[in-house]
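Trainee: Could we go through this model together before I head back to the bench? I'd like to begin with the chain as a whole and then look at some residues.

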Amino acid sequence: MNVNGHAYVPVRNVSESMGLGVRYDDKNQVISIASDPKEADELTRFIWRVQYKLDYHISQSDLKKLLEGNPQLVKKSNESGEHWRFDVKTASDYRYSSIEQGDEAGLLEGKVGAQLFLTWDSSGKLAKINFWYTKLNGEKQPQIHVFNAFLDGTMTDSIYE
């Protein structure tokens, strides 16, 4: 689009065509564009894929490709749709307590590195994205981050206390 001699292009389309990820921080009104951290550990790459590549237009089959089959998937169906939970970087003895709720103790104890919760409506469309993961703070203590993506394309990332 050309407005008064200035060219405007859709950031998401251009970025994704170059293999980059895009996210929008609603609170600070900042668009971030980043490349896949290919040399990073499994958890860091998973966090990047969720935050920069996952959106509400994705199909269930494309989601499975995006997540590369690494995390453990647990499903629960009811009349309104399906709830999916992906646990990433889990200890061999890890057991979740709820398919729809984050496990604060498991995250803080290092029994699970991240938990992605997705809700699909009865027509198979993604209706909710909620993501819990840990990062080390400056004192090497893990902090739980809660990332939410909304239908309007905005996202939030906050520290759970």
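Trainee: What share of the residues in the chain is buried?

Mentor: Buried residues, meaning those under 20% relative accessible area (exposed is over 50%, partly exposed in between, with a 1.4 Å probe and protein chains only), make up 37% of the 161 residues. This is a predicted model, in which local features need pLDDT of at least 70 and side-chain atom pairs count only at pLDDT 80 or more, while totals for chains, interfaces and linings use all residues. Residues are numbered from 1 along each chain as its sequence is written, and side-chain values use heavy atoms, with hydrogens and water left out.

Trainee: And how many helices and strands does the chain have?

Mentor: There are four helices and 10 strands, taken as DSSP runs numbered from the N terminus, with helices being H or I of at least four residues and strands being E of at least two. The radius of gyration, taken over C-alpha atoms, is 17 Å, close to the 15 Å that the globule rule gives for 161 residues, so the chain is as compact as a globular protein of that length. That rule is 2.2 Å times the number of residues to the power 0.38.

Trainee: Which residues touch the most other members of the largest nonpolar core?

Mentor: Of its 24 residues, they are Phe46, Leu54, Leu63, Leu116, Leu118 and Phe131. A nonpolar core here is a set of buried Ala, Val, Leu, Ile, Met, Phe, Trp, Tyr and Cys residues joined through side-chain atoms within 4.5 Å. Among the elements that give two or more residues to this core are helix H2 (42–53), helix H3 (60–66) and strand E7 (114–121).

Trainee: What does Leu118 contact?

Mentor: Leaving aside neighbours within four places in sequence, Leu118 is in contact (heavy atoms within 4.5 Å) with residues including Leu54, Leu63, Trp84, Phe86 and Ile129. A second, separate core of seven residues includes Tyr94, Trp132, Ile144 and Val146.

Trainee: Switching to His145, is that residue buried or exposed?

Mentor: His145 is buried, because its relative accessible area is 11%. The residue lies in strand E9 (residues 142–149), and beyond its neighbours within four places in sequence its contacts include Phe131, Trp132, Tyr133 and Asp157.

Trainee: Where does Tyr8 lie, then?

Mentor: Tyr8 lies in the loop between strand E2 (6–7) and helix H1 (11–17), and it counts as partly exposed because its relative accessibility is 45%.
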